Amino acid sequence: MTVGMELIRGFKHFRPEHRGCVATIGAFDGVHLGHQAVLRQLIAKGKEMGLPSTVVLFEPLPREFFSPNDAPARLMSFHEKFHALRDLGIDRVLRIRFTPGFRDMTAMAFIHKLFVEGLGVKYIVVGDDLRFGRNRSGDFDLLRKVGKRDGFDVVDTATLQFSGERVSSTRIREVLAEADFALAERLLGRPYSISGRVIVGQQLGRTIGTPTANVELHRLRAPLSGVFAVEVYGAADGMCPGVANVGVRPTIGDLSKAILEVHLLNFNQNIYGRKIRVVFRKKLRDEVKFDGLDALQAQIALDVEQARTFFDL
């Protein structure tokens with residue numbers, strides 16, 4: 001694990017010291033075992049060549065830019081992704097803002113501005129299904145052709161399989177939708193979690209006896225929905241068991257976008273502003289609309305009892 005990792009905030013923040021590196025580019029949503037294999041390959045090549053490793057990311061993701069209503073749910077926010085890459089030992093992350101101007105850049109202009117002029121890259125590892133540039137006209141073969149001309153190597157990523165199945169962000173989304181958290185953990189190489197800072201909500205939970213810590217998801221939509229038994233880290237020393245709801249609170253009807261709410265069991269402290277990590281362990285039920293607050297309060301009491309049973313409290 002590195003002590004620090006540099007964030008380059010777009011093309012205009014390129015500096016002479018950023019030239020000369022090994023690089024990869026992609027969404028890296030989830031930073032799952034397949035991604036980790038690619039990133040470790042990149043880090044090893046960087047050490048062999050005596051060059052820093054750079055991961056190029058887009059914000060928003062291209063699919064979110066082109067079709068925000070149809071883009072797949074993110075497994076992690078940019079902040080979570082940044083920390084996962086840092087923990088693996090990546091040296092630099094270049095975050096490129098995906099804009100209409102960037103969308104209209106030709107494939108050759110993209111290669112030159114990013115890899116040749118900006119990063120002075122010596123080695124690139126990417127998926128052979130990579131598409132980039134105006135109308136997605138750039139591909140792996142074009143990048144390799146330019147590399148041969150301009151002096152950098154381009155290699156494709158190897159597909160990682162688990163029990164004969166390709167490890168992918170899409171598969172992990174399917175697994176999370178099925179609430180198979182054990183399989184999600186095997187595919188990710190760590191338990192599935194959502195991290196964020198506790199914000200001030202409407203404090204409705206306090207009025208019905210179950211105060212909650214609210215965390216913004218920082219994504220267009222969540223990869224899971226419902227009520228869960230969770231482990232919470234960061235609220236206090238060690239792990240705090242809890243009950244979490246991911247959804248739009250249909251009984252109250254005041255949210256257009258999903259939020260994460262966590263009720264911590266056997267815990268009563270003010271944690272506003274604190275950053276917590278919520279690890280999902282078991283789905284208790286789907287999110288449903290109840291006939292008023294009394295029915296909701298009765299169901300929450302049942303949810304809490306289920307969570308207590310799960311954690312053997």
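**Largest pocket.** I looked up the largest pocket of this predicted model and found a volume of about 1500 Å³. I then listed its lining, which comprises 47 residues. Ile25, Gly26, Ala27, Asp129 and Leu130 are the ones nearest the centre of this pocket.

I next asked which elements each supply at least two residues of this lining. The strands are S2 (21–25), S5 (121–126) and S6 (131–132). The helices are H1 (33–49), H2 (62–66), H4 (100–103) and H7 (169–177). I noted that H2 gives the most, with four residues. Sorted by class, the lining of the largest pocket holds 21 nonpolar, 13 polar and 13 charged residues.

**Second largest pocket.** I turned to the second largest pocket, which encloses about 510 Å³ of space. Its lining consists of 23 residues, and Glu80, Ala84, Asp87, Arg190 and Arg277 lie nearest the centre.

I recorded four elements that each supply at least two residues of the lining here: H1, helix H3 (78–88), strand S11 (193–199) and strand S16 (275–285). Of the elements, H3 gives the most to this lining, with seven residues. The class count for the second largest pocket is nine nonpolar, seven polar and seven charged residues.

**Helices H5 and H6.** I examined how helix H5 (residues 107–118) and helix H6 (residues 140–150) are placed. Their axes come within 11 Å and cross at roughly 55°. The two helices are therefore oblique to each other, and I entered their crossing as right-handed.

I then listed the residues that meet. H5 contributes Ala107, Met108, Ile111, Phe115 and Val116. H6 contributes Leu142, Leu143, Val146, Arg149 and Asp150. By class, this contact of H5 with H6 has eight nonpolar residues, two charged residues and no polar residues.

**Backbone at proline 60.** I checked the peptide bond that joins glutamate 59 and proline 60 and found it to be cis, with omega about -5°. I placed proline 60 in the loop between strand S3 (53–59) and H2. H2 is also the helix that I noted above as giving the most to the lining of the largest pocket.

**Backbone at valine 31.** I also looked up the phi angle of valine 31. The value is positive, about 40°, although this residue is not a glycine. Valine 31 sits in the loop between S2 and H1. I recall from the first entry that S2 and H1 each supply at least two residues of the lining of the largest pocket.

How values were computed
Residues numbered from 1 in each chain as written. Predicted model: local features only at pLDDT ≥ 70, side-chain atom pairs only at ≥ 80, totals over all residues. Heavy atoms only, no water. 1 Å grid on protein atoms, 1.4 Å probe; cavity = no way out; pocket = protein on both sides within 12 Å on 5 of 7 lines; lining within 4 Å. Points joined across faces, edges and corners; volume = space filled by probe spheres on them. Nonpolar A, V, L, I, M, F, W, Y, C, P; charged D, E, K, R; others polar. Axes fitted to C-alpha atoms, helices over the stretch in contact; angles between N-to-C directions. Parallel < 35°, antiparallel > 145°, perpendicular 65-115°, else oblique. Left-handed = near helix turned anticlockwise from the far one by under 90°. Contact = heavy atoms within 4.5 Å.
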